Structure formats: C-alpha cells, structure tokens
Amino acid sequence: MSRLKDLQKNLFGGTTSNARQFGMIFTLVAIVVLFQILTDGLTLRSDNLIALFQQNSYILILAIGMLMVIVAGHIDLSVGSVAAFAGILVAKSMTEWDLPWPAAIVFGLAIGAAIGAWQGFWVAYIGVPAFIVTLAGMLLFRGGNQFIGNASTVPVPEGFREIGSGFLPEFGPNTGYNNATLLLGLAAALAVVWREIQARKTRRAMDADPAPMWISILRMAIMVGVIAFAALRFASGRVGTSFPISGIILLVLVIAYSFYTRNTAGGRHIYAVGGNSRAAELSGVKLKRVNFFVMMNMSVLAALAGMIFVARSAASGPQDGNGWELDAIAAVFIGGAAVAGGIGTISGSIVGGLVMAVLNNGLQLMGVGTDRVQIIKGLVLLLAVAIDVYNKSQGRFSIIGSLMRPFRRDDSAPPASPPDAEREPAKAAVSG
C-alpha cells in the first residue's frame, strides 16, 4: 500500500468516527486562520484567546450534557433557564443566607440534581416527551429566576468569582510565561504520546497490525504542535492572566465524560438506546434508568454552567441563560451528532462549540453587527447538517449515514420472540 493510502487510512486512527473528529478540528483550524487574516492578527492574540475561552466555557460544559441527551434520542430546551435558576439561588445563598462559597457550589449542584430528577421522572417514568417536559421547564425555571431575584441582579463574593474569572497561579522562576500553563501544556502533550503508544500496544495484543510508525509519529507531531502553540499563547498573556480556571473545569469534565461514554457499560447503553431503543431493551438495557440519568445529568451540568457564568459576571441577573440551549444544541450537531440519536462524541461536541465560538468572536472583531452574526451562525448550523443529509439522499458518501448504519432504527413493532439474527446486533450495540 502506498504512503498516500496509508495516510488516508490511518492518520485519524483508521475509523470514520475519528476521521470525522479530526475533520472538524481541521475545519476549526481553517476558520481560525481565516479570521487571523481578516482581523490582522487579533484572533490569536493571547488576551483574545483567554477571553474567548472564558466567555464560552459554560456553553461547552452544556454541550457535554446535551450530547448525551441527544445521543439518547431526546432534546433539552430548559438548560438556560435551569442555569439561571440555579445561579440566582446560589447567589442568594451566599449574600443573604451567609453560606460559604464552597458550600454554595455544592448547594447549586444539588439544585441541578433535584431539577434533573424532576424532569427525568416525567420523561422516563411518565413517558412525556422530553421536548414538552423541558419546554415547560424552560418557562417554569425562567419565571422562578425572575420571581426569586425580583428581576434584579444579586452580587456574589470574591472567592466564588474565581471559578469563572480566575486563572492558574504563577510560581517558580521568571520565564516570561505562566509556568503553570506551560506545565499543563506539557502534561497534555505527554498524554497524547502515551495514548498513542498504548493504542499501538493494544492493537498488538489483539493480534492486529498497528498503523505504520511514521503515521503514528506524524499524528503525535500534529497534536503536540497544536498543544504547544496553544499553551504558549495562553501562557504569554498579560501579567495576572493565564489559562482560565473555568477551562480547567471544562478539561476535567471532557476527560471524565469521554471515558464514561467510551469505556463504561452505562455510557454504551446511552448509545444503544439512541440507536435502537427496542433492540437495546431486548438486550437488557434499562431504558427508564438511562433516560432518567441523561436528563438529570444535563441539569447538573446546567447548574454548574450557570454558576460559572455568575462567577465571571460577579452577579446573577434576570437575563442569565437566555439562548444558551440553542448554542449548546448547535455545538452538538455541528460536532457530528446525528439528529435521530445514537451518534456523537464528547470531543466532537467541544470542537463544534469552539467552531461557533471562534465564528462569533471573529465576526465581532471584524465589527459585524449582532443581527448578521446570528444570521451567519444559523446558516452554519443548517449547512452542517444539510450537506451530510443531501449526500446521503443522493447515494454519496455520508459520514452520518455511515456511522448510523450499525444502529439503524426499526420503527416496526418487534416480534414477541425475536430471532437470533436480530438479537446479536443489539448485543453488539450494548457491549460496544
């Protein structure tokens, strides 16, 4: 096989899913380069990158939970209102009830869990469609935010603000950079190298041929290069700034949820339910438990996102959370999730969210009005899904179509005793 074919087959890990993710990364890079040129170098300035991450970290956190909701075949329209409702209660708990800010964070997460349990109950055990339940929740908790806050802002103490506006501290010798951010970048680069080495060992242990060594080296070089560039940018900001604390929270969540969705039975059950709920149920998946969990988890992450936004804004207000659900849903679909459910990745949703964030930031730097920014973002979302759907309808290569083939929905009623040929694919989907 020629080196070109090796490159096409193995650069992205040898799977269509990984190719999709890396394709989105290249799309993100292309958009960044375009705006870097159009804004005369403002896009990649350290202060702009730091502000971009701080301004969008809460949306990316929402995208993590929204990905799991959409993969399971649902939608959540209440996340912005839930975030605002949790935010006002947490702000009130600190300013009026004298609750210490660490305890207030726990209190906020508990509020999210309670709201998620409420909505999950209606979806999983009563059978009301998530669209209706969360539409009602959007109205209910938006009204609750304005009622509790009396349509006014409520400030939060200085310590609490660190989770939204704080940065990694400076320590060690004066290198001209933030040393903590440099160490974070080094750790990320080493993780990429370690993961590549482990992947090669795993393939050998399974008696499978690993990718050619030069492909692995090229893949590591690309990823390490991107990480090194980003680390230097974040570490070279003005004194007192570095990689944001909210970015650290986001990274921890991405790692934890990526592991959960890829490497645990619970995570694979979510994909099985979204791909074919009837087959999943026949294979022993607890549908009600899965649906309850994804709705509850979404509200917990919404509460966390709301607290981070309030911390960055230094106060909770009546307009918090407006439109957040639309940004989170857009990030998930642009990141490659299937409208029908069963398909999507955490990393893809993060990249999709960054695409929207960079697009929004670049247009603002160019002085484009808010009205036109919204129009362009809407068109990008529509095209991201429409192009793939069109290719599939024309019999051309379709990424979503290829990924959905193993999880094809069957809307016909299942027979009382499904034959073995139908049971085996279902088992494979669950064990994934």
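Buried means under 20% relative accessible area, exposed means over 50%, and partly exposed is what falls in between. Keep that scale handy for the exercises below, which work through a predicted model.

**Exercise 1. Salt bridges and their surroundings**

Task: Find out how many salt bridges the whole structure holds, then place the partners Arg45 and Asp47 on the burial scale.

Solution:
- Step one is the total: a search of the whole structure turns up five salt bridges.
- Next, take the pair in hand. Arg45 and Asp47 bring their side chains together in one of these, at 2.9 Å from N to O.
- Now for the scale. Asp47 has a relative accessible area of 40%, which is between 20% and 50%, so Asp47 is partly exposed.
- Arg45 comes in at 42%, so Arg45 counts as partly exposed too.
- For another pair, try Lys92 and Glu96, whose side chains also meet at 2.9 Å, N to O. Here Lys92 has 13% relative accessibility and therefore counts as buried.

**Exercise 2. A bridge between two helices**

Task: Work out which helices are tied together by the salt bridge of Asp327 and Lys377, and say where this pair sits relative to the second largest pocket.

Solution:
- Start with the contact itself: the side chains of Asp327 and Lys377 form a salt bridge with an N to O distance of 3.7 Å.
- Asp327 belongs to helix α14 and Lys377 to helix α16, so the bridge links parts that are 50 residues apart in sequence.
- Check the burial of each partner. Asp327 is partly exposed at 28%, while Lys377 is buried at 11%.
- Then turn to the pocket. The second largest pocket has about 640 Å³ of space. Its lining has 29 residues, and those closest to the centre are Asn56, Asp327, Asn360, Gln374 and Lys377. Both bridge partners are on that list.
- To finish, look at who builds the lining: α3 (46–71), α14, α15 (346–365) and α16 (370–393) each give at least two residues.

**Exercise 3. Helix α14 on the inside**

Task: Explain why helix α14 can be called largely enclosed, and use Trp324 to show what its surroundings look like.

Solution:
- Count first. Helix α14 covers residues 324–334, and nine of its eleven residues are buried, so the rest of the structure largely encloses it.
- The buried set is Trp324, Glu325, Ala328, Ile329, Ala330, Ala331, Val332, Phe333 and Ile334.
- Zoom in on Trp324, which is buried at 6% relative accessibility. Leaving out residues up to four places away in sequence, Trp324 touches Tyr58, Ile59, Leu62, Gly80, Ala83, Ala305, Gly306 and Phe309.
- For a long-range pairing, take Ser78: its C-alpha atom is 9.1 Å from that of Trp324, though the two are 246 residues apart along the chain.
- Cross over to helix α15, where Ser349 is found. Ser349 is buried at 1%, and its contacts beyond four places in sequence are Ala63, Leu67, Ala331, Val332 and Gly335. Among these, Ala331 and Val332 are buried residues of α14.
- One last stop: just after α14, Gly336 has a positive phi of about 110°.

**Exercise 4. Unusual backbone angles in loops**

Task: Say where in the chain Asp40 and Asp98 lie, and explain why their phi values catch the eye.

Solution:
- The background comes first: most residues other than glycine have a negative phi.
- Asp40 has a positive phi of about 55° without being a glycine. Its place is the loop between α2 (16–38) and α3.
- Asp98 also has a positive phi, near 55°, and lies in the loop between α4 (79–95) and α5.
- As for burial, Asp40 is exposed at 71%, and Asp98 counts as exposed at 65%.

**Exercise 5. A nonpolar patch and a buried alanine**

Task: Identify the helix that gives the largest share of the nonpolar surface patch, then decide whether Ala180 is buried or exposed.

Solution:
- The patch measures about 610 Å² and is made by Trp118, Phe121, Trp122, Tyr125, Ile126 and Leu140.
- Helix α5 (residues 101–126) gives the largest share, with five residues. Ile126 is found in this helix and counts as partly exposed at 45%.
- Now move to Ala180 in helix α8 (residues 179–205). Ala180 has 11% relative accessibility, so it counts as buried.
- Setting aside residues up to four places away, Ala180 touches Leu168, Pro169 and Phe171.

Note on methods: Residues are numbered from 1 along each chain as its sequence is written. This is a predicted model: local features need pLDDT of at least 70, side-chain atom pairs count only at pLDDT 80 or more; totals for chains, interfaces and linings use all residues. Side-chain values use heavy atoms; hydrogens and water are left out. Helices (H or I, at least four residues) and strands (E, at least two) are DSSP runs, numbered from the N terminus. Buried means under 20% relative accessible area, exposed over 50%, partly exposed in between (1.4 Å probe, protein chains only). Contact means heavy atoms within 4.5 Å. Patches are made of residues with over 30% relative accessible area and no salt bridge: like charges are joined within 9 Å, nonpolar side chains (Val, Leu, Ile, Met, Phe, Trp, Tyr) within 5 Å. Accessible areas come from the Shrake-Rupley method with a 1.4 Å probe; for residues, only the protein chains shown count as cover. A salt bridge is a side-chain nitrogen of Lys or Arg within 4 Å of a carboxyl oxygen of Asp or Glu. On a 1 Å grid over the protein atoms alone, a cavity is a set of points where a 1.4 Å probe fits but cannot get out, and a pocket is an open set with protein on both sides within 12 Å along at least five of seven lines; lining residues have an atom within 4 Å of a point. Grid points are joined across faces, edges and corners, and a volume is the space filled by probe spheres set on the points.
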